[in-house]
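Trainee: Please put the model up, and let us go through its sheets and helices one at a time.

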Amino acid sequence: MSPAIPSCRPVVVVTGLSGAGKATVLRMLEDLGFESIDNPPLSVLEELVGEGGTVPLAIGVDARTRGFDAAELQALLRRLRAVPGTAPQLLFVTAEDAVLLRRFSETRRRHPMAPGGSLGGSVADGIAREQSLLAPLRDAADWVVDTTDRPLPDLRRLVERHFRPEGEAPQGLAVAVMSFAFPRGLPREADLVLDLRFLRNPHYDPVLRPKTGQDPAVAAFVRQDPDFAPFWQRMTALLDPLLPRYAAEGKKYLTVALGCTGGKHRSVLMAELLSAHLAEQGWRVDLTHRELRAVQASSTGAMAAGGGELNIAPPLSTTGREAPSTCTL
């Protein structure tokens, strides 16, 4: 069970890559009751937070911010974390390069870091400059949100689970459980990655191939693998004592990613089982099936995030080599 956390004023600094959805996340926080301020000069941030009050505060900061400096922002966050009654967090919003390029192409907007002239005018140049400039913040972020293949309703649900006002939901560590396919790349937000490709693969059964891990027949097939039960016991024996320790250290978000070859059968089943197991123990759990979500998004069409700013339901890239067997701790 996640431990209780003392009540204090939430302060969320939202940053990230242009086109990834920073403004969209700020609007979602505003809907949750946060006072939202986008791109104030860094020199006034400490004063804004120091004004006090009890209303949660969401502040948007990016490379366009007047006086922007990644090191100075990190130093500011360290000072704010020392202020009693304030709980500042850094949220970084990102997306894959190809998706950012497509979003700027669709909206025909100029990338803010590619103004033309001696700096070069291509969107790709702007993305590369911004990634370099913001890299220290991505590494220092409390939570990294990748909107590459995340539909708008899914993103809103995720933000609401993490930042719903106190009293409306349990506080403490929130656990995201995700199924994925290794050939499509590791989830960027993953903290722990477990490889399920050793289990029997339903893909080679023509009856089971079109089904998913949510189907009882697929579940029965995978469970019949003699290594299924021992692996499940070892996996839960690993995670069960880890989560309370993460919570005790103040970690707010943990993403457990379960991968197989197609992201449709074995990883989906195990993600469903693990999500139910953790929920029974009292953890806040968000379950996502990345590849199933991508298929659903492609069948229903892309969903725009308002104002033409962001499309967060693009198709996944199918390029790239399959990643090696991974268990990242």
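Mentor: Two strands pair if DSSP finds at least two bridges between them. Helices (H or I, at least four residues) and strands (E, at least two) are DSSP runs, numbered from the N terminus. The model is predicted, with local features needing pLDDT of at least 70 and side-chain atom pairs pLDDT 80 or more, while totals for chains, interfaces and linings use all residues. Residues are numbered from 1 along each chain as its sequence is written, and side-chain values use heavy atoms, without hydrogens and water.

Trainee: Over how many bridges do strand E6 and E9 pair?

Mentor: Strand E6 covers residues 174–181 and pairs with E9 in the parallel sense. One of the bridges joins Ala 174 to Arg 284 of E9. The number of bridges between E6 and E9 is 6.

Trainee: In what order do the strands of that open sheet of 4 strands lie?

Mentor: Its edge strands are E7 (192–195) and E9 (284–289), each pairing on one side only. The pairing is parallel, and the order is E7-E8-E6-E9.

Trainee: What is the order in the open sheet of 5 strands?

Mentor: Here E2 (35–38) and E5 (143–146) are the edge strands, with pairing on one side only. E2 pairs with E3 (residues 57–60) over 4 parallel bridges, E1 with E4 over 8, and E4 with E5 over 4. The sheet order is E2-E3-E1-E4-E5.

Trainee: Is E4 largely enclosed or largely open to the outside?

Mentor: Buried means under 20% relative accessible area, exposed over 50%, and partly exposed in between (1.4 Å probe, protein chains only). In E4, 8 of the 9 residues are buried, so the rest of the structure surrounds the strand. E4 is largely enclosed.

Trainee: At what angle does helix H6 run to E5, and at what angle to E9?

Mentor: Angles run from 0 to 180 degrees between N-to-C directions, with axes fitted as lines to C-alpha atoms, for helices over the stretch in contact. H6 (residues 152–163) lies across E1, E4 and E5, at about 165° to E5. H6 also lies across E6, E8 (253–260) and E9, where its angle to E9 is about 165°.

Trainee: Which residues does Asp 154 touch, leaving out those up to four places away in sequence?

Mentor: Asp 154 belongs to helix H6 and is buried, at 7% relative accessible area. Its side chain makes a polar contact of 2.6 Å with the side chain of Arg 157; such a contact is a pair of N or O atoms within 3.5 Å, where within protein one must be able to donate a hydrogen and the other to accept it, and residues adjacent in sequence count only if both atoms are side-chain atoms. Contact in general means heavy atoms within 4.5 Å. Beyond four places in sequence, Asp 154 touches Thr 288 and Arg 293.

Trainee: How are H3 and H5 oriented to each other?

Mentor: Helix H3 (residues 70–81) packs on helix H5 (residues 123–140) at about 25°, with the axes 8 Å apart. Angles under 35 degrees count as roughly parallel, over 145 as roughly antiparallel, 65 to 115 as roughly perpendicular and the rest as oblique. H3 and H5 are therefore roughly parallel.

Trainee: Which residues make the contact of H3 with H5?

Mentor: H5 contributes Leu 133, Pro 136, Leu 137 and Ala 140. From H3 come Ala 70, Leu 73 and Gln 74.
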